[in-house]
Amino acid sequence: MKKTGLHKGLTQYGDIDFSLFLRKAFIKGAGYSDDALDRPIVGITNTGSGYNPCHGNMPQLLDAVKRGVMLSGGLPVEFPTISVHESFAHPTSMYLRNLMSMDTEEMLRAQPMDAVVLIGGCDKTVPAQLMGAASVGIPAIQLVTGPMLSGSYRGERVGACTDCRAYWGRYRANEIDDEGIAAVNDQLVSSVGTCCVMGTASTMACLTEGLGMMLPGSATAPAVSADRQRVAEHTGRQAVAMIQQRLTLDKVLTPAALMNAFRVLFAIGGSTNGLVHLTAIAGRLGIKIDLEKLDQMSAETPVLVNLKPSGDHYMEDLHRAGGVPAILHELKPLLEQDAVTVTGKTMSELLEDSEPAFNRDVIKTRKEPIYVQGGIAVLKGNLAPKGAIIKQSAASPELMSHEGRAVVFENAEDLADRLDAPDLDVNPNDILVLKGIGPVGGPGMPEAGYIPIPKKLAQQGVHDMVRISDGRMSGTASGTIVLHVTPEAALGGVLAIVQTGDRIRLDVAARSLELLVEAKEIERRLQQLPEPAPRPEDQRGYRKLFLQSVLQADQGVDFDFLQATEISRSVPS
Ligand code: FES
């Protein structure tokens, strides 16, 4: 008989009955009764941390989830996993995403639970949890901590972190003084919760609802709202229902579910990081992402959501406008109707209960979208043989087709040293190129692809330039920024041999990114690339494992040994 509850995954002492006897003795030390211990167990990840204000409502959410589990007759058991916050993770949170996914996976395997509620929120936490849970397969349901409230600075609405970048840009351009920048710093994050624009956290929340891994309406409720508490209670209840329905993850995380998640990603003008994370989740399921077909899918999916950085509004406005159910309602003809969700219902059944948006300035119709094509375009060319991407909905229309002279920075340190030098030889039509911030080069592919406009140009009023790198960009940033150039410079990609003065052509409509240098000359420079010198800090611990195992952006920056052993399906199909 299949083991459930406390009987699952017994510790090995060579005597199964003794193992159970010992386990019960210890848990009874925490005051549990036999009645409680005979219930189906719902594990709940506690990712609260003093270093993670995006998860600052964790105690209230844990209480509400437990209430929901107990109302449905289950036994809730919370347990900790690591927690990763964007601004408190060196060198970058992405470096730790796979570690968090391994922690989540192994704790789900090691501890007895019949289902799990994954509580995450800040950018890398939700993908890490979904990756870990996908590898285990038990019934799992995602809950996000929810977005922070927007703040106000001198009558102007502000929120992390599009406005963090906008105000910092104004400060660099001398448009705001020291006192002003300090005052806005107090207002950008006005409550606990995740960034309140369509950054990576909001993107992952929305596409996880599209993926069918969260309850309808649960992506957008603000962190400090009563709605968020109710969502948490319902999530706890649903976890118990998933046990009763034997709703394991293989029934939910299907190619159809991924297709729906990609639709949502494009329609919300979501963060480019969503593409990397969905690719990694798919890799855990043995599903390959076909970038060219994905580009077609993006091209036929209009951007409907008018949120910063592509638009004007904040997450609380999206919630009031109807949230993800209203977006799905609008996307109905483009969705995979048979995809099963954690509710036990199919997408088609959920859509029967959905309503149109309550505010058409926040969620547009497909006929009158904010942008006719999906937010993300996939580029190819000799500079990125395995692909690069651009968030076209956040780019400047006049730069979408542009040829310019490369101004090259060899790595992040070189950029920091020279970018603001008064004698930097740079013009507004140049293309800024940054190498060495890919998965291996970073390491961890930091969000440094948003290369600031050189100070001397910013002070002349230049707000955007074409920028190219092998790194990532925060979903809260905007500009004509080419990211994820693959293969990366640190692995000897063509990006490594670009020199200042070379010419580069970007043509988003043609989906091309070309280094205008003779093929023979490219080959000659590649042959002369020096072997990277081994660094002592790369030789031990997690960093060694990371550098040995990390895959490129087109494979989700996962570790090779964590992907499914066989890749047998592809999406979009
Ligand atoms: Fe946590 Fe933005 S820093 S979501």
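Helices, with at least four residues, and strands, with at least two, are DSSP runs numbered from the N terminus. With that naming in hand, let's walk through this structure, which is a predicted model.

A good place to begin is the loop between helix H20 and strand E16 (569–571), where Gln-552 is found. Is this residue buried or exposed? Buried means under 20% relative accessible area, and Gln-552 has 12%, so it counts as buried. Setting aside neighbours within four places in sequence, Gln-552 is in contact with Pro-439, Thr-486, Pro-487, Glu-488, Leu-491 and Val-557.

Step back from that loop to helix H20 itself, residues 541–549. Its buried residues are Tyr-542, Arg-543, Phe-546 and Ser-549. Looking down the axis of H20, you will see these buried residues fall within an arc of 150 degrees, so they line one face of the helix. Helix H4 (93–110) is included in what covers them.

Now for the nonpolar interior. In soluble globular proteins, nonpolar side chains tend to be buried together. Here the largest nonpolar core has 96 residues, and the members touching the most others are Val-117, Ile-119, Cys-206, Met-213, Phe-262 and Leu-318. Helix H11 (residues 255–267) supplies the largest share of this core, with 9 residues. A second, separate core holds 30 residues, including Ala-406, Ile-431, Val-482 and Leu-515.

Leu-318 is worth a closer look in your viewer. Not counting residues up to four places away in sequence, Leu-318 touches Met-198, Cys-206, Thr-220, Val-305, Leu-307, Gly-323, Ile-327, Val-362 and Ile-363.

Next, turn to a pair of strands. Strand E8 covers residues 376–381, and 5 of its 6 residues are buried, so E8 is largely enclosed by the rest of the structure. E8 runs antiparallel to strand E9 (residues 384–391), and 5 bridges join the two. Which residue of E9 is the bridge partner of Leu-379? That partner is Ala-388. The chain passes from E8 to E9 by a hairpin of 2 residues.

Finally, consider a helix pair. Two packed helices are described by the angle between their axes and the distance between the axes. For helix H6 (residues 162–172) and helix H7 (residues 178–187), the angle is about 170 degrees and the axes lie 10 Å apart. Angles over 145 degrees count as roughly antiparallel, which is why H6 is described as roughly antiparallel to H7. On the H6 side the contact is made by Tyr-167, Trp-168 and Tyr-171, and on the H7 side by Asp-178, Ile-181 and Val-184.

Key: Residues are numbered from 1 along each chain as its sequence is written. This is a predicted model: local features need pLDDT of at least 70, side-chain atom pairs count only at pLDDT 80 or more; totals for chains, interfaces and linings use all residues. Side-chain values use heavy atoms; hydrogens and water are left out. A nonpolar core is a set of buried Ala, Val, Leu, Ile, Met, Phe, Trp, Tyr and Cys residues joined through side-chain atoms within 4.5 Å. Buried means under 20% relative accessible area, exposed over 50%, partly exposed in between (1.4 Å probe, protein chains only). Contact means heavy atoms within 4.5 Å. The arc is that of the directions from the helix axis to the C-beta atoms. Two strands pair if DSSP finds at least two bridges between them. Axes are lines fitted to C-alpha atoms, for helices over the stretch in contact, and angles run from 0 to 180 degrees between N-to-C directions. Angles under 35 degrees count as roughly parallel, over 145 as roughly antiparallel, 65 to 115 as roughly perpendicular and the rest as oblique.
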